[in-house]
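Visitor: I have a structure open and would like to learn how to read it. Could you walk me through the charged pairs and the nonpolar core?

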Amino acid sequence: MADREIRTEQQVKDKIKAFNKQRAGLLFAFIIFIGILIFSPAAEAEALPVCLTVFCSAIFLLCGAAFVISFRDLLLLLIVTTGIPAVLLGLGQIRFELFLILLLTNVGTVFTASITGKAVTRSFTNEIEEINRLKTEATTDALTHLLNRNGLEQAAGTAWALCKRDKKKVGVILADIDYFKSYNDTLGHPEGDNILRQVADSVKSCFRRETDIISRIGGDEFLIFLSEVNDDRILEMAQSLSSSIINLKVTTASENNPGDFLSVSIGVATSTPQPDDLLVDLYKAVDKALYRAKRAGRNCISFHDKLIQIGVPVETSFPVGVLSASTTSGDAEN
């Protein structure tokens with residue numbers, strides 16, 4: 001939340017700078033025009049102090065009306081524009097009545113400009129917050145608050161390009177809740193949504209790096225894109241995720257489920273992207289890996305043509321090719 005507020009505040013500051021910059025040229029032209037009007041009739045030197053005093057107040061008034069200025073900056077401008085007439089008053093160059101009138105005008109300008117600036121800033125803030133909200137809704141899954149498919153494509157596309165440029169290895173984990181449809185059918189959709197939120201929280205607890213890109217790309221599918229990761233680390237994280245889901249202790253709702261509790265099937269794929277490689281090819285690879293895990297009976301991890309059963313040492317994992325065709329039973333159910 002704090003990061004979002006800081007980002008919004010910076011966006012408002014940038015917008016105010018652009019707002020002021022757009023008006024700077026026109027204001028400069030007005031200042032020249034007013035200067036000509038004020039100083040041209042002053043043929044005698046005695047009138048110059050009065051013209052200078054009026055000119056300073058006119059500039060201050062224009063700045064307060066044209067720009068969005070903070071209250072602190074307005075006070076600084078007030079000190080400057082009041083200081084010059086005060087010096088001239090002390091030297092006896094202008095009358096006290098004129099000084100008082102311009103002082104009151106400048107003070108009024110401060111409060112008027114402050115109120116106007118706050119209103120404009122509030123308008124900018126509301127506009128930026130609305131834009132950010134719409135952007136968030138377009139890229140975020142409303143149920144789990146993870147990235148949706150659109151958000152994933154934007155974030156992963158950028159990360160993929162950076163890793164391709166720097167020749168760094170990337171990895172993708174695709175997790176699918178085993179027989180999730182049975183939870184909706186048995187417990188109802190509200191409880192099914194609650195399970196999805198619990199799974200999403202488990203995913204977030206397992207992948208904490210700022211560069212980890214976590215998304216829900218389907219009803220019960222979660223995809224994690226990892227930058228700068230090696231094979232051992234990504235396998236370790238996949239196993240941690242699988243164990244974390246089982247440790248939720250959500251009782252299975254399907255007779256076909258390979259365990260007593262909610263579990264996930266996981267596909268893993270890694271790549272060191274080359275100049276001509278496409279991100280979609282990595283997605284296809286991890287999708288095939290997930291399919292192999294589901295064919296193998298679910299509640300396992302498929303990685304590099306090997307299947308890793310949860311709770312079984314990696315050294316004892318077996319190649320996909322040795323799987324019996326009998327392991328495909330029940331695959332028709334989600």
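Guide: Gladly, and please keep in mind that this is a predicted model. Let us begin with charged pairs: a salt bridge is a side-chain nitrogen of Lys or Arg within 4 Å of a carboxyl oxygen of Asp or Glu.

Visitor: How many salt bridges does that rule give here?

Guide: The count comes to 16 salt bridges. One of them joins E97 and R95, whose closest N and O atoms are 3.7 Å apart. Here E97 is partly exposed, at 46% relative accessible area, while R95 is exposed, at 61%.

Visitor: Which residue meets E137 in a salt bridge?

Guide: The partner is R133, with 2.5 Å from N to O. Both residues sit in helix α4 (residues 96-139), and because they are four residues apart there, about one helical turn separates them. As for their surroundings, E137 is partly exposed at 48% relative accessibility, and R133 is partly exposed too, at 37%.

Visitor: Where in the chain do R216 and D141 lie?

Guide: R216 belongs to strand β2 (residues 213-216), whereas D141 is in the loop between α4 and α5 (149-166), so this pair ties together parts that are 75 residues apart in sequence. Their side chains meet in a salt bridge with an N to O distance of 3.1 Å.

Visitor: Are R216 and D141 buried or exposed?

Guide: Both R216 and D141 are buried. Salt bridges can also share partners: E130, R133 and E137 are joined into one network in that way.

Visitor: Now for the nonpolar side chains. What is the general idea?

Guide: In soluble globular proteins, nonpolar side chains tend to be buried together. In this model, the largest nonpolar core has 33 residues, and those with the most contacts inside it are I173, F207, L241 and I266.

Visitor: Which elements give two or more residues to this core?

Guide: On the strand side they are β1 (170-177), β3 (221-227), β4 (264-271) and β5 (300-303). The helices are α6 (180-187), α7 (189-206) and α8 (231-246). Apart from this core lies another, of 18 residues, including L152, A156, I213 and L223.

Visitor: Which residues is L241 in contact with, leaving aside its neighbours within four places in sequence?

Guide: L241 touches I173, F207 and I266, which are also listed with it for the most contacts inside the core. The other contacts of L241 are A175, S202, V203, C206 and I224.

Notes
Residues numbered from 1 in each chain as written. Predicted model: local features only at pLDDT ≥ 70, side-chain atom pairs only at ≥ 80, totals over all residues. Heavy atoms only, no water. Core = buried A, V, L, I, M, F, W, Y, C linked by side-chain atoms within 4.5 Å. Buried < 20%, exposed > 50% of the residue type's maximum accessible area, 1.4 Å probe, protein only. Contact = heavy atoms within 4.5 Å.
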